[in-house]
Amino acid sequence: HHTLREVERVLVPEGQVVITGLNPTSLWGLRQAGGRAAQRLGRRSDDERLFLPRAGDFIAYRRLRDWLRLLSFEVESGGFGCYRPALRSQAWLDRYAWMERAGERWWPVFGAVYLLKAVKRVRGMRLI
C-alpha cells in the first residue's frame, strides 16, 4: 500500500503505471498456500523450497484495483495469463498445455499472473 501511495505521489498527472503480480486465487496460489500450511503443520521442513517466493503476501487483482481507485487512478486495462498448474517437470507442463487456451475462455480470473495498466487522473480546478 505504501508503494502505491509513493507511485501516486511521484507520478505526473495523466501518467501511467503498469503493475504485474501473482494471483493468490490461481492454481499457483493454492499450491503456495498448501505449502505454507504444510510448513505450519510440520510436514515440510523450512529449508524445503516453496514454488513461489517466500517473502510477502500476494495481492489479489480486485483488491489492487480498489486500492488504485482510492488513490485516484483509473484502471485502463488488465489481463491474466499462465493457467497451467505449478509443476517443475517440462513433460507435465506439456501435458497441461490445453489449459492455456481453456483458461482464457472459461476461467480468465484464475490465471497465475496478472497485468494491470492504470492512469493517474487529477481533477482540474475551476476558478470562480
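At 47% relative accessibility, R69 counts as partly exposed in this predicted model. The side chain of R69 meets that of D66 in a salt bridge, with an N to O distance of 3.5 Å. D66 is likewise assigned to the partly exposed class, because its relative accessibility is 42%. The two residues are three positions apart in helix 3 (residues 61–70), and therefore about one helical turn separates them. In general, an α-helix has 3.6 residues a turn, so residues three or four places apart point the same way. Side chains of opposite charge can pair when their charged atoms come close.

The overall architecture provides the setting for this pair. The protein chain contains five helices and three strands, and from the N terminus on its elements follow the order α-β-α-α-β-α-α-β. Of the 128 residues in the chain, 30% are buried. Among contacts between residues at least 6 apart in sequence, 73% join residues at least 24 apart.

Salt bridges in the structure come to seven by count. One of them is formed by the side chains of E14 and R121, at 2.3 Å from N to O. This pair links distant parts of the chain: E14 belongs to the loop between helix 1 (2–10) and strand 1 (16–22), whereas R121 belongs to the segment after strand 3 (113–120), and their positions lie 107 residues apart in the numbering. E14 is classed as partly exposed because its relative accessibility is 45%, and R121 falls in the partly exposed class with a value of 30%.

R121 also meets the side chain of E74 in a salt bridge, here at 2.9 Å from N to O. This second pair again links distant parts of the chain, with E74 in strand 2 (residues 73–81) and R121 in the segment after strand 3, 47 residues apart. Salt bridges that share partners join E14, E74, E76, K117 and R121 into one network. Within this network, E74 is partly exposed, as its relative accessible area is 38%.

Aromatic side chains were examined next. Four aromatic pairs are found in a search of the whole structure. In the pair of Y61 and Y114, the ring centres are 5.6 Å apart and the planes meet at 70°, so the arrangement is edge-to-face. The pair connects distant parts of the chain, since Y61 is in helix 3 and Y114 is in strand 3, 53 residues apart. Both tyrosines, Y61 and Y114, are buried. Ring pairs link Y61 and Y114 with F80 in a cluster. A further arrangement involving a ring places R95 over the face of W92, at 4.3 Å from the ring centre.

Helix 2 (residues 27–41) was considered along its length. At 1.5 Å a residue, its 15 residues should span 21 Å, and the end C-alpha atoms are 21 Å apart, in agreement with that expectation. At the start of the helix, a side-chain oxygen of S26 reaches to within 3.3 Å of the backbone nitrogen of W28. W28 is one of the buried residues of helix 2, together with G29, Q32, G35, R36, A38 and Q39. Just after the helix, G42 adopts a positive phi of about 85°.

Positive phi values also occur at two residues that are not glycine. S72 has a phi of about 65° and is located in the loop between helix 3 and strand 2. With a relative accessibility of 33%, S72 counts as partly exposed. C82 likewise has a positive phi of about 65°, and is found in the loop between strand 2 and helix 4. The relative accessible area of C82 is 28%, which places C82 in the partly exposed class.

In helix 4 (residues 90–95), D94 was examined in turn. D94 is partly exposed, with a relative accessible area of 46%. The C-alpha atom of D94 is separated by 9.4 Å from that of R84, a residue ten positions away along the chain.

Technical notes:
Residues are numbered from 1 along each chain as its sequence is written. This is a predicted model: local features need pLDDT of at least 70, side-chain atom pairs count only at pLDDT 80 or more; totals for chains, interfaces and linings use all residues. Side-chain values use heavy atoms; hydrogens and water are left out. Helices (H or I, at least four residues) and strands (E, at least two) are DSSP runs, numbered from the N terminus. The expected span of a helix is 1.5 Å times one less than its number of residues. Buried means under 20% relative accessible area, exposed over 50%, partly exposed in between (1.4 Å probe, protein chains only). A polar contact is a pair of N or O atoms within 3.5 Å; within protein, one must be able to donate a hydrogen and the other to accept it, and residues adjacent in sequence count only if both atoms are side-chain atoms. A salt bridge is a side-chain nitrogen of Lys or Arg within 4 Å of a carboxyl oxygen of Asp or Glu. Rings of Phe, Tyr and Trp (its six-membered ring) pair if their centres lie within 6.5 Å; planes under 30 degrees apart count as stacked, over 60 as edge-to-face and the rest as tilted. A charge sits over a ring if NZ of Lys or CZ of Arg is within 6 Å of the ring centre and within 35 degrees of the ring normal. Contact means heavy atoms within 4.5 Å.
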